[in-house]
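I opened my notebook for a fresh look at this one. Come along and keep the viewer handy.

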Amino acid sequence: MNQLYYGDNLEVLRQHIKDESIDLVYLDPLFNSHQDYNVLFAEQDGTQSAAQINAFEDTWWWDQVAAQAYQSVVEHGGKLSQAIQAFRILLGESDMLTYLCMMAPRLVDLRRVLKQTGSIHLHCDPTASHYLKMLMDAVFGPLYFRNEIIWKRTSSHNDARRYADVRDCLLYYARSKTVVWNAQYLPHDEHYIRTHYNRVNDEGRRYRLDNIIRSASMGARPNLTYDYKGYTPQWGWGVNQAKLAAIDQAARLMWSTSGIPYLIRFLDEMRGTAMPSIWDDISPVNSQAADHLGYPTQKPEALLKRIIQASSHEGDIVLDPFCGCGTAIASAQRLNRQRIGIDITHLAITLIKHRLQDTLRTQVRYQVMGEPTSLPDATALASEDPYQFQWWALGLVGARPVGRNKGADQGSDGRIFFHGEGKHGRTKQVILSVRSGHLKLSDLRDLQGSSNVSRPRSACLSVYRSRRNPCAPKPPAQAFTPRPGGTIPYSNC
């Protein structure tokens, strides 16, 4: 079940994901925040499909494709159709309406694939969170809204003429009333421990005294009003007589000098403070973080681990239809869940492969669906989108992309690290250049120049689409000795 899909997530959901087969969905789609993520993806030059442009740019506009998406949602009928029509009246033919028309059918299919015990967490920011909540109400039903979780994603900073924007939202909806829920807890605050668990018994265990009788505000309960050891509370006890006797026998009752009994609660038996819907204890991924990948929308693993632990069990299936650099996929792997990731860029799929293999430092089995499997497939990809072809080719040889800025790359597109033998073996790298077509002498010169300025010492490898099938099994590797500035042609992807 561990699968990575390359492609439009709507098509993948409809063609490959069965009804009621997923236990937990986490998605972190672009927010229509008008942020420029062109550094990662292809330019908006008219050569890409509308799905690719929408996926790569966090900016939306109303066009013929958006109008067709709107019509499709309206013709679907029901509450969702009514909601989209109301949005059009409110928002007009705007970029926000375009964004909502993209999200609407995907939410419908995500609900379809969820099990009756499943749930969905949609990660967004205040730009569109209020519209998305209404959209999810139309798809899932207001009855199944569980929480709006607020994650403080950064510290306070200056925003011109408004309060600092430091939060993201997570819209948490259930598929039904029988949703999986594993309560999460935070450690008790030190001040709370000092002020409430301020007693210590002979064994050194901290404890506090808690009421075991009902208060006037709770009202009288005749079935809980009984005499125990000469004491009958006015409003009754908090438990029945058999339970009270068991508590007393376990030495968990303490009688005060005024004759009122109290329940003894030990600190080491308390699970902590129930998790609130405001999360300010998880830091964002910064450049110094151990799991930093350089992906602009990367989320911390601690955030995903909390969601996965709360809403699934070991062995359950976690789906991320906008998986990006794969934080949800990696977190699910660590927590022994099965996982399905979908993304429309080969860069994302390549990053996830490396993350599963390198970060988790274990052999992870998974299938990659939707990648080229024949020479015509690879040729078509190189022609339609050279950058996608480049990232796919690098993934075939286990290389990491080098930088993601478009433009002149001085011949270097990727690298493979390797380490010398012995305790003090030096780390070295193979520099790769991807070219679709015939290899030119100038390509080799550029690659050699790139290696001369790279540190640590490097060997160079040129990967290009040859006349042979780039998807055929590679021939047995031949031994070579890397040397500074050396060039090793590699004619089979």
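Before starting, I fixed one term: contact means heavy atoms within 4.5 Å. I also noted that this is a predicted model.

**Entry: helix α8**

I began with α8, which spans residues 241–249. Which of its residues are buried? I found L244, I247 and D248. They lie on the same side of α8, because they cover an arc of only 100° around the axis. I then turned to the face pointing away from that buried side, and there I found the exposed residues A242 and Q249.

Next I asked what covers the buried residues of α8. The cover includes β9 (253–255) and β10 (261–266).

I checked both ends of the helix too. At the start of α8, a side-chain oxygen of N240 comes to within 3.3 Å of the backbone nitrogen of A242. Just after α8, I noted a positive phi of about 60° at A251.

**Entry: the sheet with β9 and β10**

Since β9 and β10 had come up, I followed them into their sheet. I read an open sheet of 4 strands, ordered β7-β8-β10-β9, with antiparallel pairing. The edges are β7 (199–200) and β9, each of which pairs on one side only.

I looked at the β7 end in more detail. Strand β8 covers residues 206–211, and β7 pairs with β8 in the antiparallel sense over 2 bridges. Opposite R199 I found Y207 of β8.

**Entry: cysteines**

How many disulfides does the structure hold? I counted 0. I went to C124 for a closer look. Its closest cysteine sulfur is in C169, and at 5.0 Å that is too far for a bond, because a disulfide needs the two sulfur atoms within 2.5 Å. Is C124 buried or exposed? With 1% relative accessibility, C124 counts as buried. I put C101 beside that entry: C101 has 0% relative accessibility and is buried as well.

**Entry: S176**

I found S176 in the loop between β5 (167–174) and β6 (185–186). S176 has 9% relative accessibility, so it counts as buried.

What does the S176 side chain reach? I got the backbone oxygen of Q116, at 2.4 Å. I also wrote down a polar contact of 2.9 Å between the side chains of S176 and T178. Setting aside residues up to four places away in sequence, S176 touches Q116, T117 and Y144. Q116 thus turns up in my notes both as a contact and as the residue whose backbone oxygen the side chain reaches.

**Entry: C323 and α10**

My last stop was C323, in the loop between β13 (317–320) and α10 (327–334). C323 is buried, with a relative accessible area of 4%. I listed its contacts, leaving out neighbours within four places in sequence: I329, G341, I342, D343 and I352. I also checked C323 against D28: they are 295 residues apart along the chain, and their C-alpha atoms are separated by 7.5 Å.

I moved on to α10, which is mostly covered, with 7 of its 8 residues buried. Which ones are they? I wrote down T327, A328, I329, A330, S331, A332 and Q333. I329 is the one I had already met as a contact of C323. After α10 comes N336, where I read a positive phi near 60°.

How values were computed
Residues numbered from 1 in each chain as written. Predicted model: local features only at pLDDT ≥ 70, side-chain atom pairs only at ≥ 80, totals over all residues. Heavy atoms only, no water. Buried < 20%, exposed > 50% of the residue type's maximum accessible area, 1.4 Å probe, protein only. Arc of directions from axis to C-beta. Polar contact = N/O pair within 3.5 Å; in protein donor to acceptor, adjacent residues only side chain to side chain. Pairing = 2+ DSSP bridges.
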